[in-house]
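Hi there,

Here is the structure I promised to pass on to you. Have a look at it first, and then read on for my notes.

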Amino acid sequence: MTQGKLLLANKATGGSSSGQDLVPPSPPSYEEATAGTSAPCYNDVEMLSEFSWDDCNIRRIFIRKVYSILMIQLLITLAIVALFTFCDPVKDYIQTNPGWYWASFAVFFVTYLTLSCCSAPRRQFPWNLILLAIFTLSLSYMTGTLSSFYNTKSVVMCLGITAAVCLLVTVFSFQTKIDVTSCQGVLFVFCMVMFISGLVLAIVLPFQYVPWLDAIYAVLGAILFTMFLAFDTQLLMGNKRYTMSPEDYIFATLNIYLDIIYIFSFFLQIFGTKRE
């Protein structure tokens with residue numbers, strides 16, 4: 001009996017030890033498994049999708065803000081151009097007092113350099129809006145003074161052409177897959193051509209007016225700033241190689257507004273008929 005019990009005990013002990021050999025090791029704890037590793041993948045995916053959505057939302061708000069300010073600028077400019085074109089007393093006054101034009105040019109130049117070269121003033125509210133308002137009024141005065149020397153029908157026609165061209169370029173920039181922001185070298189070369197042509201005109205025109213040379217310069221200028229409008233629009237969109245920070249909405253508005261004004265000025269130089 002005693003031997004039988006010992007035999008059974010030995011069998012039970014051997015069976016339990018063999019059973020322990022078959023049991024898999026216990027899994028590591030959460031701290032041991034995650035030690036030295038990053039957060040779980042699903043958290044990374046959720047964060048990436050959330051940041052992507054926020055970035056798109058910020059970009060849409062940025063675009064709406066830029067075009068809202070731009071529309072106000074263009075309405076102010078249109079009102080001043082209409083006043084200087086249709087109101088004869090105002091037109092006669094600004095034409096007989098060119099000093100106001102040069103004063104507005106000085107204000108335009110100073111505010112443009114301030115907003116373009118200094119990041120602090122163009123990002124600090126409300127000084128950025130104040131400087132942009134001064135810039136808009138000065139450039140609108142210059143544009144209205146220029147328009148007063150042309151026939152009323154010519155001014156209206158050039159306004160319509162400018163509006164159509166700017167609309168087409170904006171739609172093209174939003175819809176096309178062509179990355180205009182990567183063509184900085186082409187724009188730089190074009191600017192150098194315009195700069196040299198401007199120097200030639202400054203030397204030649206005081207001695208003798210050459211209509212075809214003036215017309216070629218105006219055509220090149222219209223093409224250049226149309227390209228700049230597409231370039232600045234795609235910088236605003238933010239889905240190309242180069243983009244613009246949403247904090248620089250004043251700078252984006254400044255560039256697009258300046259492109260449109262220059263396009264109108266060159267079209268007026270091409271198609272406009274001066275008053276006799």
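**What I found**

Let me start with one residue: Phe188 belongs to helix H9, which covers residues 184-204. Please keep in mind that this is a predicted model.

Is Phe188 buried or exposed? Phe188 is exposed, because its relative accessibility is 53% and the cut-off for exposed is over 50%. Phe188 also takes part in a nonpolar surface patch of about 750 Å². Its partners there are Val189, Met192, Val193, Phe195, Ile196, Leu199 and Val200.

Now for the chain as a whole. There are eleven helices and zero strands, so from the N terminus on you will meet one α element after another. Of the 276 residues, 34% count as buried. The chain exposes about 17,000 Å², and carbon and sulfur atoms supply 71% of that area. Taking contacts with a separation of 6 or more, 85% are between residues 24 or more positions apart.

Helix H10 is a good one to look at next. H10 runs through residues 211-237, which makes 27 residues. From its first C-alpha to its last it reaches 39 Å, close to the 39 Å expected at 1.5 Å a residue. Just after H10 comes Gly238, with a positive phi of about 85°.

Then there are the charged pairs. How many salt bridges does the structure hold? It holds four. One of them joins Asp248 to Arg122, with the closest N and O atoms 3.3 Å apart. Asp248 sits in the loop between H10 and helix H11 (249-271) and Arg122 in helix H6 (residues 119-123), so this pair ties together parts that are 126 residues apart in sequence. Both ends are buried: Asp248 has a relative accessible area of 8%, and Arg122 is at 10% relative accessibility.

Another salt bridge is formed by Arg123 and Glu247, at 3.0 Å from N to O. This pair, too, links distant parts of the chain, with Arg123 in H6 and Glu247 in the loop between H10 and H11, 124 residues apart. Arg123 is partly exposed at 40% relative accessible area, and Glu247 is partly exposed at 48%. Asp248 also meets Arg123 in a salt bridge, at 2.8 Å from N to O. Arg122, Arg123, Glu247 and Asp248 are thus linked in a network of salt bridges.

Finally, the cysteines. A search of the whole structure finds zero disulfides. Cys158 is buried, at 0% relative accessibility, whereas Cys183 is partly exposed, at 31% relative accessible area.

Enjoy exploring!

Conventions:
Residues are numbered from 1 along each chain as its sequence is written. This is a predicted model: local features need pLDDT of at least 70, side-chain atom pairs count only at pLDDT 80 or more; totals for chains, interfaces and linings use all residues. Side-chain values use heavy atoms; hydrogens and water are left out. Patches are made of residues with over 30% relative accessible area and no salt bridge: like charges are joined within 9 Å, nonpolar side chains (Val, Leu, Ile, Met, Phe, Trp, Tyr) within 5 Å. Accessible areas come from the Shrake-Rupley method with a 1.4 Å probe; for residues, only the protein chains shown count as cover. A salt bridge is a side-chain nitrogen of Lys or Arg within 4 Å of a carboxyl oxygen of Asp or Glu. Helices (H or I, at least four residues) and strands (E, at least two) are DSSP runs, numbered from the N terminus. Buried means under 20% relative accessible area, exposed over 50%, partly exposed in between (1.4 Å probe, protein chains only). A disulfide is a pair of cysteine sulfur atoms within 2.5 Å. Contact means heavy atoms within 4.5 Å. The expected span of a helix is 1.5 Å times one less than its number of residues.
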